[in-house]
Amino acid sequence: MESDKNIEKLLEKYFEATTTVVEEETLRVYFNQEGVASHLEQYQPMFTYFSKAKEEQFTKVTSLSEPVKPRRRFNYRWVSVAAAVVLAFGVYFGNDYREQREAQKVYLQTKEALNLLAVNFNKGTEKVALLNEFEVAKQKVLSND
């Protein structure tokens, strides 16, 4: 049995993380026995837990009546084909949509330019109408002389 002073020194080294594997095994053996000093009993549950946890093993529980189904692998090839098809449709219809938008923009610009031309042409014809009235009045004045 190790002396209490030696165990206290090993505990101090253990909590500073400077113990060796052999020293840690000495601590595990000491705390797994029945004759632990009363002032060191507070550390006993920790070391007994570590010993029990070390012995645990994972066992998968399966029913023998149910056969194990193989996992279906996700087929990335079909996903890539679907992505390529979506991309192709997007490029085709996106290009068509862009051309329609450009044509509509050009149509609106042409319509605006023709409206501006019509407004200016109407102003010019109003001035010509006034000029015609002036010409008629001038002819009256000249014919009265």
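**Exercise 1. Which residues form the largest nonpolar core?**

Before we start: this is a predicted model, where local features need pLDDT of at least 70 and side-chain atom pairs count only at pLDDT 80 or more, while totals for chains, interfaces and linings use all residues. Residues are numbered from 1 along each chain as its sequence is written, and side-chain values use heavy atoms, with hydrogens and water left out.

*Step 1.* Take the buried residues (under 20% relative accessible area, 1.4 Å probe, protein chains only; exposed means over 50%). Keep Ala, Val, Leu, Ile, Met, Phe, Trp, Tyr and Cys, and join those with side-chain atoms within 4.5 Å.

*Step 2.* The largest such set has ten residues: Ile7, Leu10, Leu11, Leu27, Tyr30, Phe31, Val36, Ala37, Leu40 and Phe47. Helices H1 and H2 each supply at least two residues of this core.

*Step 3.* For background, nonpolar side chains tend to be buried together in soluble globular proteins.

**Exercise 2. Work out how helix H2 sits in the fold.**

*Step 1.* Helices are DSSP runs of H or I with at least four residues, numbered from the N terminus. The protein chain has four helices and zero strands.

*Step 2.* H2 covers residues 21–32 and reaches 16 Å from its first C-alpha to its last, close to the expected 16 Å. That expectation is 1.5 Å times one less than the number of residues.

*Step 3.* Buried in H2 are Glu23, Leu27, Tyr30 and Phe31. Seen down the helix axis, these residues fall within an arc of 90 degrees, so they line one face of H2. The arc is taken from the directions from the axis to the C-beta atoms.

*Step 4.* On the face turned away from the buried side, H2 carries the exposed residues Val21, Val22 and Val29.

*Step 5.* The buried residues of H2 pack against helix H1 (4–15) and helix H3 (44–55). With contact meaning heavy atoms within 4.5 Å, Phe31 touches residues including Ile7, Leu11, Phe47 and Thr48, not counting residues up to four places away in sequence.

**Exercise 3. Is Thr19 buried or exposed, and what does its side chain meet?**

*Step 1.* Locate Thr19: the loop between H1 and H2 holds this residue.

*Step 2.* Its relative accessible area is 15%, so Thr19 is buried.

*Step 3.* The side chains of Thr19 and Glu24 are joined by a polar contact of 3.0 Å. Such a contact is a pair of N or O atoms within 3.5 Å; within protein, one must be able to donate a hydrogen and the other to accept it, and residues adjacent in sequence count only if both atoms are side-chain atoms.

*Step 4.* Leaving aside neighbours within four places in sequence, Thr19 is in contact with Leu10, Lys13, Tyr14 and Glu24.
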